[in-house]
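Here's a quick briefing on how two chains sit together. Have a look at the model first.

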Protein chains: 2
Amino acid sequence: MQKHVVIGQAGGPTSVINASLVSLVKKLYKSHKLTFVLNGYEGLAKASFIDGSLAIVEKVKAHEKVPGACLGSGRFPTDQSVISKACKNLKAIKATTLVMIGGNGTMEALQLLDNEAQKNQINLQVIGVPKTVDNDLGGTDHSPGFGSAARYIAQTTKDMNRDLISMNNFEQVRILETMGRNAGWLAAASGLYRKFEEEGPHYIAVPEIKIKTDQLLSVINRSVEKHGHTLIVVSEGVTWEGSESFKKENGREVLGGISNQIRNSVKQMLNLSVRAEILGMNQRSASLYVSETDYQEAVEVGNYAAKVIDADGTGQMISIERISSFPYHVKMDTISFKNVIAEGERKMPTVFLHNREEYYKWLSPLVGPSIAYPSPIGKEEINVPSTYQL
Amino acid sequence: MQKHVVIGQAGGPTSVINASLVSLVKKLYKSHKLTFVLNGYEGLAKASFIDGSLAIVEKVKAHEKVPGACLGSGRFPTDQSVISKACKNLKAIKATTLVMIGGNGTMEALQLLDNEAQKNQINLQVIGVPKTVDNDLGGTDHSPGFGSAARYIAQTTKDMNRDLISMNNFEQVRILETMGRNAGWLAAASGLYRKFEEEGPHYIAVPEIKIKTDQLLSVINRSVEKHGHTLIVVSEGVTWEGSESFKKENGREVLGGISNQIRNSVKQMLNLSVRAEILGMNQRSASLYVSETDYQEAVEVGNYAAKVIDADGTGQMISIERISSFPYHVKMDTISFKNVIAEGERKMPTVFLHNREEYYKWLSPLVGPSIAYPSPIGKEEINVPSTYQL
């Protein structure tokens with residue numbers, strides 16, 4: 001049966017959100033009518049629709065490996081009036097199906113839309129496709145977008161370690177701030193490739209655990225004493241005793257800056273040279289850091305959404321179920337919006353918080369390997385050339 | 001004749017500075033005695049020498065593709081007492097040759113060392129190998145390290161454009177701050193891959209030209225009006241009417257933060273949503289962004305330094321002379337420290353400042369190509385699906 005499928009993207013983009021969109025479109029466009037909606041829920045409320053002509057389908061397909069959300073995504077508050085307008089607009093264009101690619105906020109909005117459609121006796125099939133860099137979306141082992149962001153952070157930390165070690169005589173403490181408002185998945189990923197004691201992260205701070213200032217300062221002191229430097233990684237959503245209240249912008253908390261607060265305090269308390277650096281948008285948009293597994297899974301959730309559409313599923317999000325980590329094997333499945341929402345924002349489980357190695361076993365297949373670096377050349381190797389005397 | 005070659009690295013590291021070191025070492029270690037010095041001039045002054053045993057040579061060789069300076073570099077003021085100690089230490093270990101891989105500061109220090117050695121009738125061959133991410137080193141068409149940093153900035157700007165365009169309904173102005181204290185080579189590289197009007201950078205600010213605030217605000221206004229967003233790139237060393245004095249740390253200006261000042265002003269003056277982002281250390285350490293040409297040239301300057309050592313050259317820096325851009329062809333040469341220093345910190349020439357396309361023709365072979373992205377999907381494509389009526 002030919003359906004009229006409306007497709008959109010919502011929330012913060014990832015470097016592989018277009019891969020999900022394109023795989024879905026490729027599966028659908030020959031047998032169904034497609035309509036694209038611009039800018040997520042804003043577009044649904046304002047009827048910013050694009051007819052899925054062949055020309056537009058080709059244009060969308062060309063975005064397969066392009067970061068960002070090519071239909072526009074963004075953050076738009078989905079209150080009842082938005083949901084109700086979206087529903088009316090979908091009815092007006094006789095949509096049979098709505099697919100949105102998004103995270104927690106998207107799944108909540110889809111659930112509201114599903115309810116609204118039922119209340120108004122509109123026959124609307126509603127499907128969610130998971131994406132998030134933060135990995136805080138429940139109901140799935142993990143979400144596309146996370147693996148590539150984690151790879152960016154792990155490789156960046158590994159590379160910056162070597163830069164910091166080089167600058168031993170000039171710079172002592174470097175604090176990297178990662179994305180992750182509520183969960184530490186990304187910050188914790190920074191240690192994935194760590195191999196040598198001289199390399200950081202020597203301390204990782206995640207939102208799940210409030211920073212113990214004394215502990216942090218003592219790690220810094222010990223590491224600077226031993227190695228001449230230390231690399232610390234903090235999640236943007238981390239709290240500590242010195243936390244100031246976060247600025248609000250557009251009704252939404254704009255984080256970013258906790259590392260600067262920590263820098264100022266460490267500087268003052270330990271009298272060391274400290275640099276704070278916020279790892280920016282590259283975490284979610286750096287095309288050269290896309291993880292192969294992440295990309296493949298972004299494609300697969302799109303493919304599977306097409307299957308669910310054809311099988312008349314509704315009220316569901318595509319989920320990834322992990323069968324095994326070594327060898328890495330997953331299968332696609334679905335979960336109801338209700339169950340996704342019931343789980344709330346997914347934090348790191350206790351076992352991963354307290355056993356980093358367990359987390360890295362879980363994480364490693366999503367991120368992939370990195371070229372091995374040799375151990376740093378250190379002070380212990382200083383000697384006067386053997387054949388000469390000073 | 002077997003020489004005793006002392007080798008070190010100085011200044012801020014790059015992602016290919018070890019490639020120069022390793023190629024030099026590979027050419028020398030079989031026929032000469034090698035000694036490595038840790039942490040640049042600090043190590044010369046403090047006699048932090050490592051005997052170039054086969055084990056250490058192997059360890060150094062393993063750093064060929066590792067970012068950072070594996071011998072330690074850093075910033076160390078090279079006053080007369082440092083120069084004089086360095087000279088004594090080199091004499092004590094009976095060094096015949098000193099090779100330092102570095103930038104402007106390094107070449108100045110090498111010149112002082114050369115003078116000091118001559119004054120004390122020490123027979124010391126002194127060779128400089130160029131490296132800088134800023135490209136502000138004179139006497140050479142460009143320096144290894146710059147091409148990879150430029151690639152990081154060009155690709156990051158291209159990727160972030162797509163992220164920003166996605167967030168049209170949420171975020172309007174993004175200001176990226178690049179490295180570049182005195183010269184705009186890196187900031188200007190941000191536009192290398194720009195292809196579509198919707199994409200930034202819509203304005204690039206370089207240290208060579210003071211920002212005209214009115215002009216900047218008018219570009220932002222026009223671009224936000226037309227596209228819904230704008231991406232601005234500023235060099236860390238840029239000045240504008242609102243410039244505050246920069247903080248000093250360790251006797252050296254620590255820049256970084258001009259984008260935040262500009263953000264605050266733009267926000268206030270235009271009442272737009274503005275985000276500033278400092279592109280951090282990844283500019284000089286991101287291993288995945290190494291430009292193939294940059295890497296090759298880093299190897300070649302090392303190889304050529306070995307040749308110059310064997311040919312008894314002294315008081316000279318290796319330089320890259322460009323024969324042609326299309327096809328790209330260079331040859332290695334040398335230039336005296338005196339002439340390098342006489343040129344001072346190299347700014348962008350007027351022709352590149354005022355004709356961006358000329359600059360990109362010059363830059364393109366150093367950075368290499370990027371995968372083509374299609375034109376963004378825009379508001380002009382919004383329509384009500386043709387077969388339905390609202």
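What follows covers the symmetry, the interface and the pieces that build it.

This is a predicted model, with pLDDT of at least 70 needed for local features and 80 or more for side-chain atom pairs, while totals for chains, interfaces and linings use all residues. Residues count from 1 along each chain as written, chains are lettered from A in the order written, and side-chain values use heavy atoms, leaving out hydrogens and water.

**Symmetry**
- A turn of 180° with a shift of 0.0 Å along the axis lays chain B on chain A at an RMSD of 0.0 Å (least squares on C-alpha atoms of residues with pLDDT of at least 70 in both copies).
- That's the relation of a two-fold axis.
- Within chain B, Leu288(B) comes closest to the rotation axis, its C-alpha lying at 3.5 Å.

**Interface**
- Each side puts in residues: 84 from chain B and 84 from chain A, with contact meaning heavy atoms within 4.5 Å.
- The copies meet through the same surface, because 100% of chain B's interface residues are also interface residues in chain A.
- Together the chains bury about 6,900 Å², 58% of it on carbon and sulfur atoms (accessible area lost on being put together, 1.4 Å probe, summed over both).

**Salt bridges**
- There are 4 salt bridges across the interface (a Lys or Arg side-chain nitrogen within 4 Å of an Asp or Glu carboxyl oxygen).
- Lys59(B) forms a salt bridge with Glu381(A), with the closest N and O atoms 3.2 Å apart.

Notes:
Buried area is the accessible area (1.4 Å probe) that two parts lose on being put together, summed over both.
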